[in-house]
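Visitor: I've got a model open and I'd like to learn how to read it. Could you walk me through a few features?

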Amino acid sequence: MSVTQQAFRAAMSHLAAAVNVITTDGEAGRGGMTASAVCSVTDTPPTLLTCINHSARLNGMIKRNGVFCVNVLAAAHQDISSLFANSRENMAARFARGSWSRLATGSPVLEEAPVSFDCRVVQAVEAGTHTVFLGEVAGLRVTEGEPDGLVYFRRGYRQIVTLPVAVLPGA
């Protein structure tokens, strides 16, 4: 049995994923895009991965710059996510929204992000239509408080909220 591209994509839409803006800066320039393909690899040394399509401008930029930052978005950042997901929008316009700073690698860090992982590329693996970038975390920034999370599920944005703790009768 062969799985079609459409069937695979439809099935993957049922896998909720955090929404992130991946950024880079260096000799190839400053760039960023929205991505949900991010996950932890190991904590020794702290390493994560992101998968970027070969057709995305950011793919070549990360390869040349050798660095990237994963900025995890909060529910309030849906507009930033949409802006960075728009392939027709130029990079300067993308970075005009939000407040940006830098950590160890020089990649742009979204100040309002709940957490940002600043990474140096330690390996790039070509897999089908994508490059899997493994990044060792060189810097980390965590924002105070617990903002509601933003996830992508069934082809749409969803908000993760903290539910109040339920007290069971007789407890």
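Guide: Happy to. Let's begin with one pair of residues: in β12, the bridge partner of G149 is I160. Keep in mind that this is a predicted model.

Visitor: What does a bridge partner tell me about the strands, and how do β11 and β12 pair?

Guide: The general idea comes first: strands of a sheet pair through backbone hydrogen bonds, either parallel or antiparallel. Here β11 and β12 are antiparallel, with five bridges between them. The two strands make a hairpin, with two residues between them. Look at R154 in that turn: its phi is positive, at about 55°.

Visitor: Which strands sit at the edges of that sheet?

Guide: The sheet is open and has three strands in the order β1-β11-β12, paired antiparallel. Its edge strands are β1 (17-18) and β12 (156-160), each of which pairs on one side only. β1 is joined to β11 (residues 149-153) by two bridges, again antiparallel. You can find the facing residues by eye: A17 is opposite Y152 in β11, and A18 is opposite V151 in β11.

Visitor: What about the side chains in a strand?

Guide: In a regular strand the side chains alternate between the two faces of the sheet. That's a handy rule to have in mind as you step along any strand.

Visitor: Let's try another hairpin. How many bridges join β4 to β5?

Guide: Five, and the strands run antiparallel; β4 covers residues 38-43 and β5 covers residues 46-53. To find your place, start at S40, whose bridge partner in β5 is L48. This is a hairpin as well, with two residues between β4 and β5.

Visitor: And how many bridges join β9 to β10?

Guide: Twelve bridges, with β9 and β10 (residues 130-142) running antiparallel. A124 has F133 as its bridge partner in β10. Two residues lie between the strands of this hairpin, and G128 in the turn has a positive phi of about 60°. β9 (residues 115-127) also pairs with β6, in the antiparallel sense, over six bridges. There, N71 is matched with S116 in β9.

Visitor: Is V70, over in β6, buried or exposed?

Guide: V70 belongs to strand β6 (residues 67-72). V70 counts as buried because its relative accessibility is 1%. For a sense of its surroundings, set aside neighbours within four places in sequence: V70 then contacts N20, V21, I22, V38, L48, V115, S116 and F117. L48 is the residue you met as the partner of S40. As for a distance across the chain, the C-alpha atoms of V70 and G29 are 17 Å apart, while the two residues are separated by 41 residues in sequence.

Visitor: Where is S107, and is it buried or exposed?

Guide: S107 is in the loop between β7 (100-102) and β8 (108-110). With a relative accessible area of 0%, S107 is buried. Leaving out residues up to four places away in sequence, S107 touches T23, T24, D25, V67, F68, C69, S101, R102 and D118.

Visitor: Now the opposite case. Which residues form a nonpolar patch on the surface?

Guide: Look for M1, V3, F8, M12 and L15, which together have about 630 Å² of accessible area. Take V3 as an example: it's in the segment before α1 (5-12). V3 counts as exposed because its relative accessible area is 56%.

Visitor: As a bench person I always check the cysteines. How many disulfides are there?

Guide: A disulfide is a covalent bond between the sulfur atoms of two cysteines. In this case, searching the whole structure turns up zero disulfides. C39 is in none, and its nearest cysteine sulfur, that of C51, is 7.2 Å away.

Visitor: Why does C51 have no bond to C39?

Guide: The sulfur of C51 has its closest cysteine sulfur in C39, and at 7.2 Å that is too far for a bond. The cut-off for calling a disulfide is sulfur atoms within 2.5 Å.

Visitor: And how accessible are C39 and C51?

Guide: C39 has 37% relative accessibility, so it counts as partly exposed. C51 is at 23%, so it counts as partly exposed too.

Key. Residues numbered from 1 in each chain as written. Predicted model: local features only at pLDDT ≥ 70, side-chain atom pairs only at ≥ 80, totals over all residues. Heavy atoms only, no water. Buried < 20%, exposed > 50% of the residue type's maximum accessible area, 1.4 Å probe, protein only. Pairing = 2+ DSSP bridges. Helix = DSSP H or I, 4+ residues; strand = E, 2+ residues; numbered from the N terminus. Patch = residues over 30% accessible without salt bridge, like charges linked within 9 Å, V, L, I, M, F, W, Y side chains within 5 Å. Areas by Shrake-Rupley, 256 points an atom, 1.4 Å probe, with all protein chains shown as cover. Salt bridge = Lys/Arg side-chain N within 4 Å of Asp/Glu carboxyl O. Contact = heavy atoms within 4.5 Å.
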